[in-house]
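Subject: Structure handover

Hello,

The structure you asked about is below. My notes on what was found in it follow.

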Amino acid sequence: MTKTVRRICQIIFLAFFLVLILITAYPFEHNLATDFFVQLSPLVALGASIASRTLIWEAISFSLIIIVLSIILGRVFCGWICPLGTTLDISDVLFFQNRRKKASNSPRKIKYYILSGLFMTALFSTQAIYLLDPMCLFTRTVVLAFIAPVQMMLKWLNELGTAWSSGTFEPTIWLGTKISSFLGMRPFISNTQVYFRSSLIVFAIFATIIGLNSISRRFWCRNLCPLGALLGLFSLSPILKRKVGIKCNECSRCTTDCKMDAIPKTPRLTQATECIVCFDCVEICPQNTVSFGIRLKSERHKETALDISRRHVLQGAGIGLAFAALVKVDPARKLAINGEMPIKLSSDTLIRPPGSVAEDKFIARCVRCGMCMKACPTNGLQPAFHEAGIEGFWTPILMPRIGYCQEDCNICGSICPTNAIEPFGTAEKKHIFIGTACIDRSKCIAWYADKKCLVCDEHCSYKAIYWKVVDGNNRPFVNEKKCVGCGICEAKCPIQPSAAIRVFSYGDKRHMTRDEQKTWSEN
């Protein structure tokens, strides 16, 4: 019965996780914390806070619930809540039913060494948590790898439903109307078919994690997940403990079937740091002698201690240190004088979302969950490849040729789980400078061909384009005090393939406060 309750709970949390991602769309007309699951991860909260040298209370508050829960009940998050863990359980049922069951022999200590490495990178202000934290990893996978094909499928269904509605057969009319009505109500279906760079890479990583289940159940969770390792450390001696009665004949079925390898060869013992309180051992025990109960006292004779090699922990930390050093070495990253403060840039097209904190802090805080990219109504926010260097891989950048920053949208600042993009109002956007447009006079037909073209001027909602008579003809210019770098001019420019007016990062003024940016634009 408890196992059934646990499975229902898992499905509910997985569905809730997916719903939160789907409703993270423009216009953002609800008060739900769509970044709830990312903020549940203590690894994200601690890693981002350490790397950025700032206590990110928005992320810490939710994760405290999980920490307290782990101290009291053990790793229930992994067994009952984690959407990636639930997906692995579902994939196990779908694809790996015939896998040969193995006794306890998994390299489960690896995840603790990975955890030490990740914290070492954070200590040196390098964000690497995003690579392996399950909440970031799974959110990014759903957003970058699955939203686009799902949207395409829903649009196809919508068209199919509309076609059916025009028929004469009553059931199909009813069904088509329902489908059209249902899809028409969903705000997550954008009129623009979304596309995300690196979706195949993200999908390949996810497929590999699923494929590892062919070796053992929840291979990722038991051996590699750093969040599981962290929660294991909080679960050294939980109050909720596994009990084995005197009827146990040591048949070892629980040892063989334990998906987390938490029961050693002696089935009366339990590795508390590995147990995810799934109740599988209770269900399969032929003697009905296994149960879970509250025990306030530590029972070391019934629990196996966490045996971690100090040498391997140091090796993991050393690898983390090497990683932090390597990603910091970016030969393309230069100091650019922008205003009064120098900022480091790897690319002149590195355009961050409005509200982003200064570049170094942004890279340290951003956990690459992809939620801002999902929410961007124009699909202009894309994961970075080389634009931000190795250290900024997968961080969001604005690519105006794909989509511009919509003037009345501030959703990316409302949903960022670590405040890498700080909240801002739409009225503030005209004073938040993320870049500056620059006209290529060799491509602009108003300059080199003396033809009339008003496209950039007509679309610029910030009135940053002005005209002057040069050589007897009207020529467009950009007012740097008004241009915030939204990119609509580049997006709408008719010149192909690259626009005659482009946004560059030299207008980025994130090193200034918002008041300073406003003052600068008004002077």
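Strand 8 (residues 465-470) and strand 9 (residues 473-478) run antiparallel and are joined by six bridges. The model is a predicted one. Across this pair, tryptophan 467 stands opposite proline 476 in strand 9. The two strands form a hairpin with two residues between them. Aspartate 471, in the turn, has a positive phi of about 55°.

A second antiparallel pair is made by strand 1 and strand 2 (residues 290-294), with five bridges. Here lysine 241 has glycine 293 of strand 2 opposite. Strand 1 covers residues 240-244, and four of its five residues are buried, so the rest of the structure largely encloses this strand. As a reminder for reading the pairs, side chains in a regular strand alternate between the two faces of the sheet.

Threonine 289 belongs with this region. This residue lies in the loop between helix 15 (280-284) and strand 2. With a relative accessible area of 10%, threonine 289 is buried, because the cut-off for buried is under 20%. Its C-alpha is 4.9 Å from that of glycine 245, although 44 residues separate the two in sequence. Leaving aside neighbours within four places in sequence, the contacts of threonine 289 are Lys243, Val244, Gly245, Ile246, Lys247 and Cys248.

Another loop threonine is worth a look. Threonine 126 is found between helix 7 (110-123) and helix 8 (129-132), and at 2% relative accessibility this residue counts as buried. Which residues does threonine 126 touch, not counting those up to four places away in sequence? They are Ala51, Thr121, Phe323, Ala324, Val327, Lys328 and Glu391.

On the surface, Ile11, Ile90, Leu94 and Phe95 make a nonpolar patch of about 410 Å². Helix 6 (residues 83-95) gives the most to this patch, with three residues. Isoleucine 11 comes from helix 1 (residues 2-23). Its relative accessible area is 45%, so isoleucine 11 is partly exposed.

For the cysteines, the count of disulfides in the structure is zero. Cysteine 409 is in no disulfide, and the nearest cysteine sulfur, that of cysteine 412, is 6.1 Å away. That pair does not qualify because a disulfide requires the sulfur atoms to be within 2.5 Å. Is cysteine 409 buried or exposed? Cysteine 409 is buried, at a relative accessible area of 7%. Cysteine 9, by contrast, counts as partly exposed, with 22% relative accessibility.

Some totals for the protein:

- The secondary structure consists of 23 helices and ten strands.
- There are 523 residues, of which 52% count as buried.
- The accessible surface is about 24200 Å², and 63% of that belongs to carbon and sulfur atoms.
- Taking contacts between residues at least 6 apart in sequence, 75% join residues at least 24 apart.

Regards

Notes
Residues numbered from 1 in each chain as written. Predicted model: local features only at pLDDT ≥ 70, side-chain atom pairs only at ≥ 80, totals over all residues. Heavy atoms only, no water. Patch = residues over 30% accessible without salt bridge, like charges linked within 9 Å, V, L, I, M, F, W, Y side chains within 5 Å. Areas by Shrake-Rupley, 256 points an atom, 1.4 Å probe, with all protein chains shown as cover. Salt bridge = Lys/Arg side-chain N within 4 Å of Asp/Glu carboxyl O. Buried < 20%, exposed > 50% of the residue type's maximum accessible area, 1.4 Å probe, protein only. Pairing = 2+ DSSP bridges. Contact = heavy atoms within 4.5 Å.
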